[in-house]
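The following paragraphs walk through a set of helices and a few individual residues, and are best read with the structure open alongside.

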Amino acid sequence: MVEKAGNNGNLKAQKKLGNLYYDGNVGIPQRLEEGIKWYTMAAEQGCVKSQLIAANYYLSLGDNHNMSVENSYLSSGNPSQLCRDVNKGYYYYSCAAEIGDPVGQASLGQCYYEGLGVSRSHVDAFYWAGLAVEQGFEGARNLLGLCYEASSHEASSHESKNKKHSSIRDTNTSRWTNTLSTSPSMRSNYESNTLTNAMSIHSYNYNEHQAFECYRIASEDGDSHALYNLGRCYFNGVGTKTDKVKACECFKILADTEGDAPSQFYVGYCLANGIGVELSKTHAKRYYELAIGQGCVDAEIALKKLF
């Protein structure tokens, strides 16, 4: 009865069937593909929640379908080769973003930033992240900071400069976002409604101070990715005065409370060289080993050179 209603276009039935099969229920085994079939039917009717679930499914790894929408992005390797279907993921996030959903906007911005299902564009990533932040979705503020760092024609030279630093690189931008483009009509829809046009408020230029402020505010709101980037800013003097002590404090929080491998490596690096903390090769070894246990090659190399 419910399936018949769903096939006849009943949105409520489609969402109910999506919930039943996607998560499983008493007497009903979990069938992800069946669940996503119903969710996509509901998504095509404009159901934002279904659009976000479908996008998250297509951009997630293997059977890892329970990741929160905000943290569904990939951060290493070639994401497009690891996701189920980046084009569909991008498409459904763009549907939610067009309707005005802030999570969809932030997620679409992440797709543009990482090049998931669409050509990489820091300009478009900035635009959509800005819209999400303007609506009060703080989950997009870290991405906005990354865009400030990567913006304008200065981005390439800035990225090269970062790679030459003796230490902290931007390796943890996010851990978990039919190819469309951001069309003029999509932009005009936002410019004509009540949403604030982020591009008119935030001048999209390379701005280290704005990036630092984004990371600071987001980290105070509990964003661990932003805390990592805040530590990187303190270490390299990006948008603020260099402060190795504060940098190490940021990395140590992530290393100790979240077991973050890059942070474990950098705490080990600081300890091994007496940067921002008292030199201790014994403690450095412990942090290096923790990072190595999670596959950190840099830590393995550093440990060999420690003694």
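A residue is called buried here when its relative accessible area is under 20%, exposed when that area is over 50%, and partly exposed in between. The model is a predicted one, and a suitable place to begin is Ser280, which sits in the loop between helix H16 (261-273) and helix H17 (281-292). Because its relative accessible area is 17%, Ser280 counts as buried. Leaving aside neighbours within four places in sequence, the contacts of Ser280 are with Leu271 and Ala272.

Turning to the N-terminal part of the chain, helix H2 (residues 11-23) has 13 residues, which at 1.5 Å a residue should span 18 Å, and the separation of 18 Å between its end C-alpha atoms agrees with that expectation. Within H2, the buried residues are Ala13, Gln14, Leu17, Gly18, Leu20, Tyr21 and Tyr22. The partners against which these buried residues of H2 pack are helix H1 (2-7), helix H3 (32-44) and helix H4 (48-58).

Helix H8 (residues 122-134) offers two residues for consideration, one of which is Val123. With a relative accessibility of 41%, Val123 counts as partly exposed. Its C-alpha atom is separated by 7.7 Å from that of Cys147, although the two residues are 24 apart along the chain. Ala125 is also found in helix H8, and Ala125 is buried, its relative accessible area being 0%. Not counting residues up to four places away in sequence, Ala125 touches Gly109, Tyr112, Tyr113 and Cys147, while the C-alpha atoms of Ala125 and Ala106, 19 residues apart along the chain, are separated by 8.3 Å.

Cys147 leads on to helix H9, where it is one of the buried residues. How many of the residues of H9 are buried? The count is 10 of 10, so that this helix is mostly covered; among them are Arg141 and Glu149, together with Leu143, Leu144 and Tyr148.

Helix H9 (residues 141-150) packs with helix H14 (residues 224-236) at an angle of about 35 degrees, and the axes of the two helices are 9 Å apart. Their crossing is left-handed. On the H9 side the contact is made by Asn142, Leu146 and Glu149, which meet His225, Ala226, Asn229 and Arg232 in H14. Sorted by kind, the residues of this contact comprise two nonpolar, three polar and two charged.

Gly231 also lies in helix H14, and with a relative accessibility of 0% it counts as buried. Gly231 touches Ala247, Cys250 and Phe251, when residues up to four places away in sequence are not counted. The C-alpha atoms of Gly231 and Val245, which are 14 residues apart along the chain, are separated by 9.5 Å.

Helix H13 (residues 208-220) can be examined for its length and for the placing of its buried residues. At 1.5 Å a residue, the 13 residues of H13 should span 18 Å, and the end C-alpha atoms are indeed 18 Å apart, which agrees. The buried residues in H13 are Glu208, Ala211, Phe212, Cys214, Tyr215, Ala218 and Ser219. Because they cover an arc of only 160 degrees around the axis, they are placed on the same side of H13. An α-helix has 3.6 residues a turn, so residues three or four places apart point the same way.

Technical notes
Residues numbered from 1 in each chain as written. Predicted model: local features only at pLDDT ≥ 70, side-chain atom pairs only at ≥ 80, totals over all residues. Heavy atoms only, no water. Axes fitted to C-alpha atoms, helices over the stretch in contact; angles between N-to-C directions. Helix = DSSP H or I, 4+ residues; strand = E, 2+ residues; numbered from the N terminus. Left-handed = near helix turned anticlockwise from the far one by under 90°. Contact = heavy atoms within 4.5 Å. Nonpolar A, V, L, I, M, F, W, Y, C, P; charged D, E, K, R; others polar. Expected span 1.5 Å × (residues − 1). Buried < 20%, exposed > 50% of the residue type's maximum accessible area, 1.4 Å probe, protein only. Arc of directions from axis to C-beta.
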